[in-house]
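Visitor: I've got a model open here and I'd like to know what's behind the labels people put on it. Can you walk me through it?

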Amino acid sequence: MSVAITIRNAVKIYGKNIVIPDLSVEIKEGEFFTLLGPSGCGKTTLLRMIAGFNTIEGGEFYFGDKLVNELNPAKRNIGMVFQNYAIFPHLTVRQNVAFGLRTRKLSTEEIRTRTDEFLELMQISEYADRLPEKLSGGQQQRVALARALVIQPDVLLMDEPLSNLDAKLRVEMRSVIKEIQNKLNITTIYVTHDQEEAMAVSDRIAVMNRGVIQQIGSPQVLYQRPANKFVAGFIGKTNIITRALVPQENTSKLLISDSYAIDMPVIHHQERKQVLVSIRPEDFQIVEDTEGMAATVNDSIFLGLMTNYFVTLETGERADIIQESTINSIYSKGSTIRLQVNVEKINVFSEDGAKNLLLEE
Amino acid sequence: MNQLKKKRTPLEVWNIIGLSILLLYVLFLVQPLFNLLKSSVVDNEGGLTLAHFKKFFSQKYYISTLANSFKVSIAVTFFSLLIGVPLAYFYNLYEIRGKKGLEILIILCSMSAPFIGAYAWILLLGRQGLITKTIEAILPITVPRIYGFNGIVLVLVTRLFPLVFLYVSGALKSIDNSLLEASENLGCTGLNRFFKVVMPLCMPSILAAALLVFMRSMADFGTPLLIGEGYRTFPVEIYNQYVGETSVNHNFAAAISVVAILITALVFILQKFLANHYRFSINSLHTIERKKIHGIKNILIHLYAYLLVFISMLPQLYLFYMSFRNTSSSGSVFTKGFSLNSYRIALKRMSSAIPNTLFIGGISVLVVLFLAVLVSYLVVRRRNVVTSTIDSISMLPYIIPGSVVGIALVITFSKQPMVLTGTVTIMIIAMIIRRIPYTIRSSVAILQQIPMSVEEAGISLGASKLYTFFRITVPMMKNGIISGGILSWITIITELSTSIILYTSHTVTLTLSIYIFVVRGTEGPAAAMATILTLFTTISLIIFIKVSDGKEMVM
Ligand SMILES: Nc1ncnc2c1ncn2[C@@H]1O[C@H](COP(=O)(O)OP(=O)(O)O)[C@@H](O)[C@H]1O
Ligand SMILES: [Mg+2]
């Protein structure tokens, strides 16, 4: 049985180091929720607070409507998958999976059938009687998952579970994880620093930086309407340039270059203000038109479907551009091109990068 | 508000265990040491005095025992390093024939009680010694005598260089082969490479080994007692003052003991200080590959290794031979031919030695392991004031000479409310105290290899803390624990300096029985018991090697 998780005003302090100053989040029942952020931002810390392995210096943690702050980790009914799998090396695969059932004092018969069920589900039945040291990383990961899930936990916690696998296996295992989560419909909190992985598996993602949640949203929202400069830079690639925004009647004019300005649905009352414009590489368009800003091609990489250009804008900034490859025209080094931007898709942040002006009503 | 609630953590099971262990330490270690200290500063009427210390430092004779001890320890440390470091280097860098057997023999050299070596060397090189007489009969020279400084150093070096070998081998095994290849690429080879690359990398281990050798030679008293003759060392003086036939002065013995502890503590601190200068971590992916070498170099290396082992094993081999020689019915005179007489006499006169050894050794090892595993867990996983205190206290016996442990225990447990002197219990307690620091260190090392997350996995699956500890942590430590136990077993059954102060006729062990036979001049039975002891240690060592499977050895 799955539960919703509510965290209110969580605080975590190590000595004098405030790792999490004040964090609130609500995770819905059955949701695949990911904590994403750079290394050292406090993801593991938060996850271990939820699991009960870290002390809580402030705030409330609820599973459903039950306050769990003081609840012993053994009694929280969580399934946990660790970065290094934490498989018990002296127990066979079957004994590993059955461990949590044993502590719950189920009948031998029930332990047997449930263990079998999950060995089957994770496709590790054939290794059931082996010791884990003989298994590959991917297989160990499956054992860890089976062991965490067989106890029918209220919530599944995973801390960078794929980081010890090679690239190919990582992609394979993440779809296994996603599939199982869908099937069992269990509330899942997943920690990773890899934005691509987060996008691939999550229903919703919380982007964290320095112990503070920057934005919570679906992968699509985070990518298309990042709440601030940090999220824009962390999720996918983007070019950030500083430009002036001049008020019009119901909109504002964004002056991209001397000869190129676009209308943005942003209202403000100053005469003219500096803003940060975030343009993703694919939101530039190379045009034959005369309108647009000029740029010089420094280098290009042909990637097959797409071609990546590194350019210097006429205003001096460097930018990454990605375009669908066409048969005839790869712009050579040193050539001058003209660029327009996809007005709908670009984002405009306040000068300090703290907020997205397009998200303000 | 929430924060306040956190502070009052319930008395969880590990806290109770921690407090109980601390209590044991206070009762059986801190209290005796305190009593020793007290005893060193009171006079016969019970008044406070520093007279004992004054006496010690004002008389040339006592100072000279101290100086002698230092001379011996420095010489032994120097020669052990001189012999042991190259041996480890050759052993790990070059292909040596029969290297597995050689290693077992090297370790075996370190595992007999030193006084047995001393005794055998007297039989070989003493006034009436076999080698002495043979040589002097053939050649017109006088063989230099073994008694005194030279003999002590010879006996201790042949017994302690294996420690250097083991420590340095351990360090060499953790050096990545690419480091050696890199230095070779840069044109640094041979001796140059040894001094510029290998030695510095092994420095922490060399220092640790040097400390251990120094402490062992400082504390050993069986050797100087037997072979020292006029050459008095410090521990012999403590012993004589305590149980000596002539002038027994317990308070003075206590005072000398305190001086001994201070000195070893100083050496310990000095070593720690030096070791901090050489701390670095190496992660080795490819351990050093042994190279095959040819020609004269190859022969010299083999000769060096095997000759060294042969010389060090010589005492045990000779005793083995002597044990089968025919003896008179008293056991003190050898007669023609061979027989099992010595064994018969030995086992008849000291019938309880073997059962005592098994009982005292067995119980001590079990308790040591049990406590060491708990302490290591507390120290590694539950750091707090109590466990840090335990951690520091538990290292105390490391710097206390064995005879001092014995004296402190006698002072404390010979009066009400706890009279233990003369019992098997006090022998067991002494053995536990002597051995526990080493076993704790090795358990800590094992535990640090086990990631915390494995235990957390157990707890998150609903297991209690104790269940997780006994079902997950302990089984994962199992191999390390067993090999640590065997090593403790070997050191305990060959222990002399503490047990000689504590034993009575009911608690004679194998090692003690050898000592008694030697002192009584019954050579055959002494050799027989020594051979039995060697058999015990050899079997234990072989089991150890099977269990530990090439892992490092913490002595
Ligand atoms: N046990 C601890 N003691 C002190 N500081 C810690 C401890 N664990 C984590 N930290 C600190 O908390 C911060 C967040 O760490 P962590 O949660 O592990 O980051 P993440 O998992 O996002 O990489 C880091 O600055 C780290 O140094
Ligand atoms: Mg982390």
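**Crossing helices, a cavity and an interface**

Guide: Helix 15 of chain B and helix 24 of chain B are roughly perpendicular to each other. Bear in mind that this is a predicted model.

Visitor: Why are helix 15 of chain B and helix 24 of chain B called roughly perpendicular?

Guide: Their axes cross at roughly 85° and come within 8 Å. Angles of 65 to 115 degrees count as roughly perpendicular, so the label fits.

Visitor: Which residues in helix 15 of chain B meet helix 24 of chain B?

Guide: On the helix 15 side you have B:Ser342, B:Tyr343, B:Ile345, B:Ala346 and B:Leu347. Their partners in helix 24 include B:Gly524, B:Pro525 and B:Met529. By class, that contact has eight nonpolar, three polar and no charged residues.

Visitor: What makes up the lining of the largest cavity?

Guide: The lining has 21 nonpolar, eight polar and six charged residues. Nearest the centre lie B:Arg159, B:Arg216, B:Arg434, B:Glu495 and B:Ser497. Arg and Glu count as charged and Ser as polar, so B:Ser497 goes into the polar class. Several helices of chain B each supply at least two lining residues, among them helix 8 (149-173) and helix 10 (190-219). The space inside is about 600 Å³, and the whole structure has nine cavities of 30 Å³ or more.

Visitor: How many residues does the contact take from chain A and from chain B?

Guide: It takes 25 residues from chain A and 19 residues from chain B. The buried area is about 2,000 Å², with 63% from carbon and sulfur atoms. In chain A, A:Glu70, A:His90 and A:Phe99 lose the most area to chain B, together 25% of what that side buries.

Technical notes:
Residues numbered from 1 in each chain as written. Chains lettered and ligands numbered in written order. Predicted model: local features only at pLDDT ≥ 70, side-chain atom pairs only at ≥ 80, totals over all residues. Heavy atoms only, no water. Axes fitted to C-alpha atoms, helices over the stretch in contact; angles between N-to-C directions. Helix = DSSP H or I, 4+ residues; strand = E, 2+ residues; numbered from the N terminus. Parallel < 35°, antiparallel > 145°, perpendicular 65-115°, else oblique. Contact = heavy atoms within 4.5 Å. 1 Å grid on protein atoms, 1.4 Å probe; cavity = no way out; pocket = protein on both sides within 12 Å on 5 of 7 lines; lining within 4 Å. Points joined across faces, edges and corners; volume = space filled by probe spheres on them. Buried area = accessible area lost by both parts, 1.4 Å probe.
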